[in-house]
Every structure is written in C-alpha cells, then in structure tokens.
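Me: I should like to go through the terms used to describe this structure and hear the reason for each. Please set each value against its cut-off.

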Amino acid sequence: VGPVSITENQLDIRLHSVQVSIQQGGGPTPGNATMTTQLRATILQSLIADAVIAQEAGYRHVAATDADVDADVAKDRDAAGGQASLDSQLASVGGSVEQLRDEIRSRINEQNLEDLFAKARAADAITALARGGKFSDVATQVSDDTLTNTKGGDLGVVTQAQLDAGDAAFKAAVLAVPAGHTSPAAVRDVAGYEILHTVAVTAAGRHVLRILVAAPQPYTVKERPEWFSTSVLLALSNLCQAGSVHILLSNMPPACPTPTPPVPSPTHS
C-alpha cells in the first residue's frame, strides 16, 4: 500500500485474535476453510485501511509515535496489575502484546487524523455560517448528530438540569451563547466539535440548535463518521489510480474500491 508493506504475520496475528473471539462467542471453531478465507479477506481490507490512515496521518504530522503507543500499553499493564497479568489477559482472548501495540497504533492514528479533519470540517461550517448560510441548512448538511441533523440541528429546549448532568464543556458552550447568537468558533467536547445557536432563553431552559462534527473521546472505530470513511476510501482510490496497491496473497478480493467513491467536502481535498 504505497511505500508500506503489510506482512502475512500482521494478518495472522489479527486473524488468530478474531478466531478466538468468535469461538468464545459461541461461533464455529477455527478450521472452517470458507470462514477462514472470508475472515482473511475482511482483515486484510482493515489492514489496508489502517495503512492508508497511517500514511495520511504521517503526511499530516499527527501519526502515533512509539512513545504514544508505549504510554497506552503502560496504562493497560497497570490496569491489569503487571506485565504477567496483561500477557495472561491478552492470551485468553487470542491476543499478544504485539497485537495490542498494533491495535493501539492504528487507533491513535485514526483518532488523531479524524480529530484533525473534524476540526477543519467544523471551521468550514463556521465559514459557511459567516457567509450568510442558514444554520439549519448547514446543520442538515454537516452535523453528525443523527437525532437532530434532519431537523436542522434543533435540540429543543435544554434545561439546566440536563446541562448539569452532561459534559462540562458542552454546558459551558451552551451557556456562553446569548439568545439570537451563534457560537463564534467550534467548541471541543467529548462528542467532537460543537457549533451552537441559541434561539431563545426562557425560564424552562435554552432553545438550542446544534451542529456536531463527530470526533468522540474516547475514540472507537465503531463510531467512525461516514465522512471520514469516505475520506479513507478516496485516499485509497488515489493510491489505486496511481498503481500503488498490490495484493500478493492468493484467494483475496481486489483491494481497490469500484467505483471510485464520491469526493467529500473541500476539508479533505
């Protein structure tokens, strides 16, 4: 994948971990040839995506360092009660420290890159609003809050009790926007980057519109927003068009997506 080689050892490490997880979850035991072939193909695709993300993170100067990975491994080791306990826990689910480091590096690369893209995407939304864009229109186009984006970002009336029970950064951001105004810049909270508009303030609470560009903390791949997935596919497509992606293993589907994915917003150009 570009200048990066994905080794069969990397594939086997992830395959073993997945097979153990499937078996522990009541699935078929390893040895089913058809299932193994399908798993290998799926895992290879994930490794290719990780390689694309790692290259982009490196280009953007936000790639995970060895020190970053060491720090996360140390946290897991301390939480487990020492290295021996960590090794035992990992082995029980088909893992290893090598596999753990691989997963941590991939997660940090993706989290850092998504955060960078999300910040730029939120800045683009602020610019669109400053140029006269209607808040509800921008929310519908940009916001990752699936509960409100189809309603123009309308959160309804948010009470003080709801604010007190939620994220402190979100609470501070809501309270900082007077009635009839929009936050001048995106505010970082645990969900991502928030752009808020206060419609009205009453005794019942604050009527708020919201644009959320997702960049959750802590981050999991399951919460990967669609625009980020599209960015990864676009980067992979560019590598494919340059003839820079080659699969040398047998019984594997093509690495290159067909057709070419749509171009995302200018944030990722």
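**Terms and their grounds**

Reply: The model is predicted. A suitable place to begin is the sheet: 4 bridges join strand S1 (residues 154-158) to S4, and these two strands run antiparallel.

Me: What makes S1 and S4 a pair?

Reply: Two strands pair if there are at least two bridges between them. S1 and S4 are joined by 4 bridges, so they meet the criterion. Within this pairing, valine 158 has arginine 206 of S4 as its bridge partner.

Me: Which strand has arginine 206 of S4 as the bridge partner of its valine 201, and how many bridges join that strand to S4?

Reply: Strand S3 (residues 192-202) pairs with S4 over 10 bridges, in the antiparallel sense. The bridge partner of valine 201 in S4 is arginine 206, and that of threonine 198 is valine 208. A hairpin of 2 residues joins S3 to S4.

Me: Why are S1 and S2 called edge strands?

Reply: The open sheet has 4 strands in the order S1-S4-S3-S2, with antiparallel pairing. S1 and strand S2 (187-189) each have a single partner strand, so one side of each is left without a neighbour in the sheet. On average, neighbouring strands of this sheet are turned by 40 degrees against each other, direction ignored. H5 packs on the sheet and touches S2, S3 and S4, and its direction makes about 40 degrees with that of S3.

Me: What makes S4 "mostly covered"?

Reply: In strand S4 (residues 205-214), 9 of its 10 residues are buried. For each of these the relative accessible area is under 20%.

Me: Why is serine 17 called buried, and valine 93 partly exposed?

Reply: Serine 17 has a relative accessible area of 11%. Buried means under 20%, so serine 17 is buried. Valine 93 has a relative accessible area of 35%. Partly exposed covers the range between the 20% and 50% limits, so valine 93 is partly exposed.

Me: Where do serine 17 and valine 93 lie, and what do they touch?

Reply: Serine 17 lies in helix H1 (residues 8-24), whereas valine 93 lies in the loop between helix H4 (83-92) and H5. Leaving aside residues up to four places away in sequence, serine 17 touches Val93, Gly94 and Gln99. On the same basis, valine 93 is in contact with Ser17, Val20, Ser21 and Gln24.

Me: Why is H3 called oblique to H5?

Reply: The axes of helix H3 (residues 66-80) and helix H5 (residues 97-130) come within 9 Å and cross at roughly 120 degrees. The perpendicular range is 65 to 115 degrees and roughly antiparallel begins over 145, so H3 is oblique to H5. The contact is made by residues including Asp66, Val69 and Val73 of H3 and Leu100, Ile104 and Ile108 of H5. Its residues divide into 5 nonpolar, no polar and 8 charged. The crossing of H3 and H5 is right-handed.

Me: How do you know that H3 is roughly perpendicular to H4?

Reply: The axes of H3 and H4 come within 7 Å and cross at roughly 95 degrees. That angle is in the range of 65 to 115 degrees, so H3 is roughly perpendicular to H4. Val73, Asp76, Arg77 and Ala80 in H3 meet Gln83, Ser85, Leu86 and Gln89 in H4. The residues of this contact divide into 3 nonpolar, 3 polar and 2 charged.

Terms used:
Residues numbered from 1 in each chain as written. Predicted model: local features only at pLDDT ≥ 70, side-chain atom pairs only at ≥ 80, totals over all residues. Heavy atoms only, no water. Buried < 20%, exposed > 50% of the residue type's maximum accessible area, 1.4 Å probe, protein only. Contact = heavy atoms within 4.5 Å. Axes fitted to C-alpha atoms, helices over the stretch in contact; angles between N-to-C directions. Parallel < 35°, antiparallel > 145°, perpendicular 65-115°, else oblique. Left-handed = near helix turned anticlockwise from the far one by under 90°. Nonpolar A, V, L, I, M, F, W, Y, C, P; charged D, E, K, R; others polar.
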